[in-house]
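Me: I would like to go through the charged contacts of this model and ask how each label is justified. Please set the values against the criteria.

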Protein chains: 2
Amino acid sequence: MKIAIAGSGALGSSFGFMLQKGGHDVTLMDYWDEQIQTIREHGLTANVNGVIETIRIPIDKPENIQDSFDVVFMFTKSMGLRHMLKAIAHTLTVDTKIVCLLNGLGHAKTIAEYIPTKNIIMGTTVWTAGLDAPGKVHLMGHGPVEIQESDPSGKSETLAIVKVLQDCGLNGVYSEDVHFTTWRKACVNGTMNSLSAILDANIEELFSSTQTHAMVKEIVKEFAAAAEIDGVDLNVDEIVDYINQASVNLGSHYPSMHQDISNRRFTEIDFLNGTVAKMCEDNNIPAPYCRLITQLIHAKEEILGVK
Amino acid sequence: MKIAIAGSGALGSSFGFMLQKGGHDVTLMDYWDEQIQTIREHGLTANVNGVIETIRIPIDKPENIQDSFDVVFMFTKSMGLRHMLKAIAHTLTVDTKIVCLLNGLGHAKTIAEYIPTKNIIMGTTVWTAGLDAPGKVHLMGHGPVEIQESDPSGKSETLAIVKVLQDCGLNGVYSEDVHFTTWRKACVNGTMNSLSAILDANIEELFSSTQTHAMVKEIVKEFAAAAEIDGVDLNVDEIVDYINQASVNLGSHYPSMHQDISNRRFTEIDFLNGTVAKMCEDNNIPAPYCRLITQLIHAKEEILGVK
């Protein structure tokens, strides 16, 4: 399969590494000069659950790429999605599938502005990746990657991509309800990521506080109200249990939003709590926790002078 | 006048210094051993708007004091009020006035559990004080100290204390509505103190963010709802203006709650946003901003292991 990775940071590069190792023709796309330079000169080094290997793999800015692809895996930050969709337009054919594995809410709608719904495949993954240096990434865990087509006509191609992900060791799973999975993952990110960033605490510290559990419940209630508007039924108690269980394995981990604040980068808050606050507001449903959390994170970005 | 200062930290010691310099018989009370030891051995050194002087002044733990007093100025932290009231009981006569200058809400009710209402004088001050080291304080600004009796029968004694404060350079002012002043000051502390502590920002940084202004307004709305339950009319726009004006003079100042968090001490959040959240909850009025802010500050205390 001819595959592009749009957004080749930690998780994107790691997926590119696994897919090329699995025998596919993979091209990485990114805008980060140091990453491009290092991978061109020294290759891409990936540590996959402790096994380290370096491979040669093409990488360039999307504008410089002349090929077209069967599948593009989207791994940008939420706020980079729209720009990337415009930048890769010339690499898409009428049949190119875009597999969206971004965190956050509302991305299917954004992608549908640029390509037909029949070519959109939405997904979530619990693979954890990190960037150790330009050209050096690590991939941890065992996945899975769950994906599902946005339009029923895309099912057979989605199953083919699931097979590719399985064959390449990425634990592909066909999701019967990716819409639900996306909301559930957004609940995880909208609680532990944002609270970790505000309280400057790792997951273990965060969940050691009884206050966290009360706040998580209120936040999830608001996500459930927004999910309902979106036609997704979230059981608050089940989601809270899921979040608590997820927290157990994360221990001293600082989630991405905490890393963003520490590194003075924009966060994805508008695509998590911010989206919920907006959806609820538009429907006259109160969502004050998501609203205040969004304001606090944006205040933090402003105070730190993030640009 | 025979005066005791109950709680001789930065502001308490400074007031004691000014009152003794003005010719009154002042005794400091505190539980901090280093402060007691240093003031006994080396005296109390105060820097009052740039003028530095050292005086001898008696200081002890309340339990060790045998005298009784005409007036006790209360300068404990909110959470230390009840303990101090019990500890000083033997130093009070049937006529001893307690002048309460604590930040926060609900203190008049607490004091009324221990002494008759006729002896309670409530107040607020905008004097700013700091502790440079044990036995070394600075006092900045020009006040005022506004006070008013809780029961009309106490008016003449209150006016006498106002006169004492004026004569001692502490800018005493008789307040016609200390209940309002207390709520207004609580609005200042419940916005800039708590947000500064959560966002780890000084006042200038905090108010440079457009988000802060939106959050301040929401918080003040909730304070106004609680004040109304308490029979106090707060005009939200006026209070917001007052807070913005107050912020202009504070610049690089980190408010007390930020200092408490930095020094891993308990904060006064329960006597500010926490009280508003509780009052509103008891009256079925939503106050989610105050509630979440209280939870975040308590989470921070728990995560830092404050004991």
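**Salt bridges and exposure**

Reply: The rule for salt bridges gives a count of 30 over all chains. The model is a predicted one.

Me: Why is the contact between B:Glu53 and B:Lys21 called a salt bridge?

Reply: The closest N and O atoms of B:Glu53 and B:Lys21 are 2.8 Å apart. A salt bridge requires a side-chain nitrogen of Lys or Arg within 4 Å of a carboxyl oxygen of Asp or Glu, so the pair qualifies.

Me: What makes B:Glu53 partly exposed?

Reply: B:Glu53 has a relative accessibility of 32%. Partly exposed covers values between the limits of under 20% for buried and over 50% for exposed, so the label applies.

Me: Which parts of chain B does the salt bridge of B:Lys77 and B:Asp260 link?

Reply: The closest N and O atoms of this pair are 3.1 Å apart. B:Lys77 lies in the loop between strand S6 (69–74) and helix H3 (81–87), and B:Asp260 in helix H10 (residues 256–262), 183 residues apart.

Me: Is B:Asp260 buried or exposed?

Reply: B:Asp260 has a relative accessible area of 1%. Buried means under 20%, and therefore B:Asp260 is buried. Its partner B:Lys77, at 35%, counts as partly exposed.

Me: How do you know that B:Asp282 and B:Lys278 are about one turn of the helix apart?

Reply: Both residues lie in helix H11 (residues 273–282) of chain B, 4 residues apart. Their side chains meet in a salt bridge at 2.9 Å, N to O.

Terms used:
Residues are numbered from 1 along each chain as its sequence is written. Chains are lettered from A and ligands numbered from 1 in the order in which they are written. This is a predicted model: local features need pLDDT of at least 70, side-chain atom pairs count only at pLDDT 80 or more; totals for chains, interfaces and linings use all residues. Side-chain values use heavy atoms; hydrogens and water are left out. Buried means under 20% relative accessible area, exposed over 50%, partly exposed in between (1.4 Å probe, protein chains only). Helices (H or I, at least four residues) and strands (E, at least two) are DSSP runs, numbered from the N terminus.
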